[in-house]
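This briefing covers charged pairs, helices and ligand surroundings in one protein model. The structure comes first, and the notes follow by topic.

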Amino acid sequence: MGGQVKQYDVAVVGAGMAGIAAAVQSAREGKKTVLLEKTVLPGGLATTGLIYIYLPLCDGNGHQLAFGLTEELLRKSIVYGPGDIPNWQKGQNAPEVKRFRVAFSPASFMLALTELLRENGVDIWYDTLVIGAEKAEGKVKSVFVENESGRIEIQAKCFIDASGTGILARRAGIPGWDKEPNYLSIWALQYDKRLENSENFDLSPSLRMNVMGVPRDESKAPEETVYRGISGKQVTDFVVKGHAMLLDYYKRNWQEGNMDRKTLFPVHLPAMLQYRKIFAIKSMRDLQTDENNLRFEDSIGLIGDWRKSGPAWEIPYRSLCPADGTGAFLAAGRCIGSLGDAWEVTRVIPTAALTGQVAGVAASMSVETETDPCRLDPTKIQERLRGLGFPLHLPEVGLSYKA
Ligand SMILES: Cc1cc2nc3c(=O)[nH]c(=O)nc-3n(C[C@H](O)[C@H](O)[C@H](O)COP(=O)(O)OP(=O)(O)OC[C@H]3O[C@@H](n4cnc5c(N)ncnc54)[C@H](O)[C@@H]3O)c2cc1C
């Protein structure tokens, strides 16, 4: 494509939870790391998308499963106010609010993330859209970006797709899954006078604001509420329908209740698409429905089921690696190989942070050893992860496998 060329050890696409964890880890390992982000804010869906709940790091029965940057980021999400970590250890079949999770102010978290990226020397490029990728000899060689400086080619020894949409994989021709049901709901920031004296919400009551969600219309058939996010038109339709749904909600409340435009009104809308699932790579080992409490020899960490207490999952390293063997590439966050109910469990903030950090470790090892990330010896990656305090198999945290 011509134009300027920049070189890095590791290039990460997307500054959501996965991309930030990946870039911070890679930079901590001494690699020259660039983080490419199309918006002008860090955090992705979690912050720009107003998804303000950092789901649990525990299994709901008192066992902490995720550590490392996954925990560091959870703690950072509230450091500049106002959330608190609940007293979760005592929970046995704990309800969600009593698990090791927090609700955070998206803006506070963004400021903390900016600080984290700066402290770790990550080279972040905002307002920079990844538009293409080039492969040579079976490896990703470059990504192409557009920003105010024009079109730039970024060359790196290893690339991490943490875009949430699989944009790098798709532009590089790496096969993936994109047919999972994805329903329309919308979370927005609103003023609600009824909450004025209430402590029942996690954001500061003094701001008298509330992040609210308008759920999907359960009366509609599933096929009418299934949305895909891999074409320009699909994306625009999703946004337009979401806004219409929100407007219906306000009109209904103003007509039916005793609320009016001064006591209940929208304050801020999500500036990122609130799609749950868009694209997952076809990986060397896609996680499948009901594969909780299963041992994977190449496990790179543990996560719980955010919906209920009990189930716990080992995540195989191979789920970050493309099945077609494309070199110099890893997936992290919402794009890892995960299907069906496994995708539902893994498509959330803690898993994004966990897989991001692991991708950062593996990318760094790939640069050091000049070996494609997917050909690295998983036991060597595991050694490094143990050094970072990760338990890798369920018995290490006192849990057992399925019979
Ligand atoms: C309605 C809804 C409710 C949810 N509720 C919860 C919840 O309560 N708790 C929870 O833990 N999870 C929840 N999730 C899921 C969670 O928010 C996300 O899965 C998680 O934040 C994803 O992180 P990520 O880093 O993988 O991707 P993302 O957050 O999507 O980050 C990807 C980043 O890549 C950037 N990007 C994309 N394309 C390009 C490009 N071409 N060039 C440059 N940059 C690009 C984006 O701007 C973004 O910053 C919810 C999701 C939705 C939609």
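E153 has a relative accessibility of 10% and so counts as buried, where buried means under 20% relative accessible area, exposed over 50% and partly exposed in between, with a 1.4 Å probe and protein chains only. The model is predicted: local features need pLDDT of at least 70, side-chain atom pairs count only at pLDDT 80 or more, and totals for chains, interfaces and linings use all residues. Residues are numbered from 1 along each chain as its sequence is written, and side-chain values use heavy atoms, with hydrogens and water left out.

**Salt bridges**

- The whole structure holds 21 salt bridges, each being a side-chain nitrogen of Lys or Arg within 4 Å of a carboxyl oxygen of Asp or Glu.
- E153 pairs with K141 in one of these salt bridges, at 3.8 Å from N to O.
- Because E153 lies in strand β8 (residues 150–161) and K141 in strand β7 (residues 139–147), this pair ties together parts that are twelve residues apart in sequence. Helices (H or I, at least four residues) and strands (E, at least two) are DSSP runs, numbered from the N terminus.
- K141 is partly exposed, at 33% relative accessibility, whereas E153 is buried.
- E72 and R28 form another salt bridge, with their closest N and O atoms 2.7 Å apart.
- That pair links distant parts of the chain, since E72 is in helix α2 (residues 68–76) and R28 is in helix α1 (residues 17–28), 44 residues apart.
- E72 is partly exposed at 28% relative accessibility, and R28 is partly exposed at 40%.
- E344 and R347 meet through their side chains in a salt bridge of 3.1 Å, N to O.
- R347 counts as buried at 13% relative accessibility, and E344 counts as buried at 18%.
- One network, joined by salt bridges that share partners, contains E29, K31, E368 and R384.

**Surroundings of E344 and R276**

- E344 sits in helix α6 (residues 340–346).
- Beyond residues up to four places away in sequence, E344 touches K277, W306 and R307, contact meaning heavy atoms within 4.5 Å.
- R276 belongs to the loop between β12 (264–268) and β13 (280–281).
- With a relative accessibility of 17%, R276 counts as buried.
- Apart from neighbours within four places in sequence, R276 contacts N182, Y183, S185, R334 and R347.
- The side chains of R276 and S185 make a polar contact at 3.2 Å. A polar contact is a pair of N or O atoms within 3.5 Å; within protein, one must be able to donate a hydrogen and the other to accept it, and residues adjacent in sequence count only if both atoms are side-chain atoms.
- R276 and L65 are 211 residues apart in sequence and 23 Å apart in space, C-alpha to C-alpha.

**Helices α3 and α7**

- Helix α7 (residues 349–369) has 21 residues, which at 1.5 Å a residue should span 30 Å, and its end C-alpha atoms are 30 Å apart, in agreement. The expected span is 1.5 Å times one less than the number of residues.
- Since 19 of its 21 residues are buried, α7 is largely enclosed by the rest of the structure.
- E370, just after α7, takes a positive phi of about 50°.
- Helix α3 (residues 106–119) has 14 residues and an expected span of 20 Å, which agrees with the 20 Å between its end C-alpha atoms.
- The buried residues in α3 include P106, F109, L113 and L117.
- The cover over the buried residues of α3 includes α1, β2 (33–36), β3 (53–54), α2 and β5 (123–125).
- G121, just after α3, takes a positive phi of about 70°.

**Ligand**

- Of the 35 residues around the ligand, those that come nearest are E37, L45, I53, R334 and R347; a residue is near a molecule if one of its heavy atoms lies within 4 Å of it.
- I53 places a backbone N or O atom 2.7 Å from a nitrogen atom of the ligand.
- Backbone N or O atoms also lie 3.1 Å from a ligand oxygen in the case of M17 and 2.9 Å from a ligand oxygen in the case of I349.
- The ligand taken alone exposes 1000 Å², of which the protein buries 97%; accessible areas come from the Shrake-Rupley method with a 1.4 Å probe, and for residues only the protein chains shown count as cover.
- α1, β6 (129–136) and α7 each supply at least two residues of the shell around the ligand, and α7 gives the most, with three residues.
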